[in-house]
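Subject: Structure handover

Hello,

Please find the structure below. My notes on what turned up in it follow directly after.

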Amino acid sequence: MTRAGVLTLGAALFVVGGLGYGAFQALGLEGFSAGIAAESLLVLVVVGWTSSYLFRVITGRMTYMQQRRTYRAEYDALTDQQLQARFDAMTPEKQQALLASVTSDTPPQSQDKDSSEP
């Protein structure tokens with residue numbers, strides 16, 4: 001979070017605390033009692049908010065994590081489509097050679113080498 005965001009959040013909490021104090025005074029609590037009640041309510045809100053954030057972190061339901069999962073699924077689907085299109089464009093002989101090299105333990109021998117290995 002940026003410094004401006006932290007300051008905005010702090011100011012918002014300060015205002016909410018003041019509004020809570022005023023609300024509790026309007027309900028009939030006086031002085032310190034209204035302040036303690038407003039502070040208690042504010043602490044409960046902050047603890048609840050923090051615990052919901054921690055729950056989302058632990059379960060992986062954060063916005064960034066969801067975006068990463070969506071991006072990865074779309075990337076995998078696109079890559080699979082591209083690979084399938086390239087495989088379909090190959091001649092049947094090249095397809096068989098590729099499939100044989102994938103299932104065997106030895107690496108495929110490229111036919112496009114310009115020089116022989118020592």
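The buried residues of α2 pack against α1, which covers residues 3-26. Those buried residues are A34, A37 and A38. Please keep in mind that this is a predicted model.

Helix α2 covers residues 31-59. With 29 residues at 1.5 Å a residue, helix α2 should span 42 Å, and its end C-alpha atoms are 42 Å apart, so the expected and computed spans agree. After α2 comes G60, which has a positive phi, near 75 degrees.

As for the overall make-up, the protein has four helices and zero strands. Read from the N terminus, the order of elements is therefore simply α-α-α-α. Of the 118 residues in the protein, 7% are buried. The exposed surface comes to about 10,300 Å², and 63% of that is supplied by carbon and sulfur atoms.

Two searches of the whole structure gave one hit each: one for aromatic pairs, the other for salt bridges.

The aromatic pair:
A search of the whole structure finds one aromatic pair. Its members are Y71 and Y75, with ring centres 6.2 Å apart and 20 degrees between the planes. The pair counts as stacked because planes under 30 degrees apart fall in that class. Both residues belong to helix α3 (residues 63-89), and being four residues apart there puts about one helical turn between Y71 and Y75. Y71 has a relative accessibility of 53% and counts as exposed, because the class begins over 50%. Y75, with a relative accessible area of 40%, is partly exposed.

The salt bridge:
Which side chains meet in the salt bridge? They are those of R72 and D76, at 3.3 Å from N to O. The separation along the chain is again four residues, about one turn of the helix, and both R72 and D76 lie in helix α3. R72 is partly exposed, at 47% relative accessibility. D76 is partly exposed as well, with a relative accessible area of 31%.

To sum up helix α3, it holds the stacked pair of Y71 and Y75 and also the salt bridge between R72 and D76. For helix α2, the points to note are the buried residues A34, A37 and A38 and their packing against α1.

Regards

How values were computed: Residues are numbered from 1 along each chain as its sequence is written. This is a predicted model: local features need pLDDT of at least 70, side-chain atom pairs count only at pLDDT 80 or more; totals for chains, interfaces and linings use all residues. Side-chain values use heavy atoms; hydrogens and water are left out. Rings of Phe, Tyr and Trp (its six-membered ring) pair if their centres lie within 6.5 Å; planes under 30 degrees apart count as stacked, over 60 as edge-to-face and the rest as tilted. Helices (H or I, at least four residues) and strands (E, at least two) are DSSP runs, numbered from the N terminus. Buried means under 20% relative accessible area, exposed over 50%, partly exposed in between (1.4 Å probe, protein chains only). Accessible areas come from the Shrake-Rupley method with a 1.4 Å probe; for residues, only the protein chains shown count as cover. A salt bridge is a side-chain nitrogen of Lys or Arg within 4 Å of a carboxyl oxygen of Asp or Glu. The expected span of a helix is 1.5 Å times one less than its number of residues. Contact means heavy atoms within 4.5 Å.
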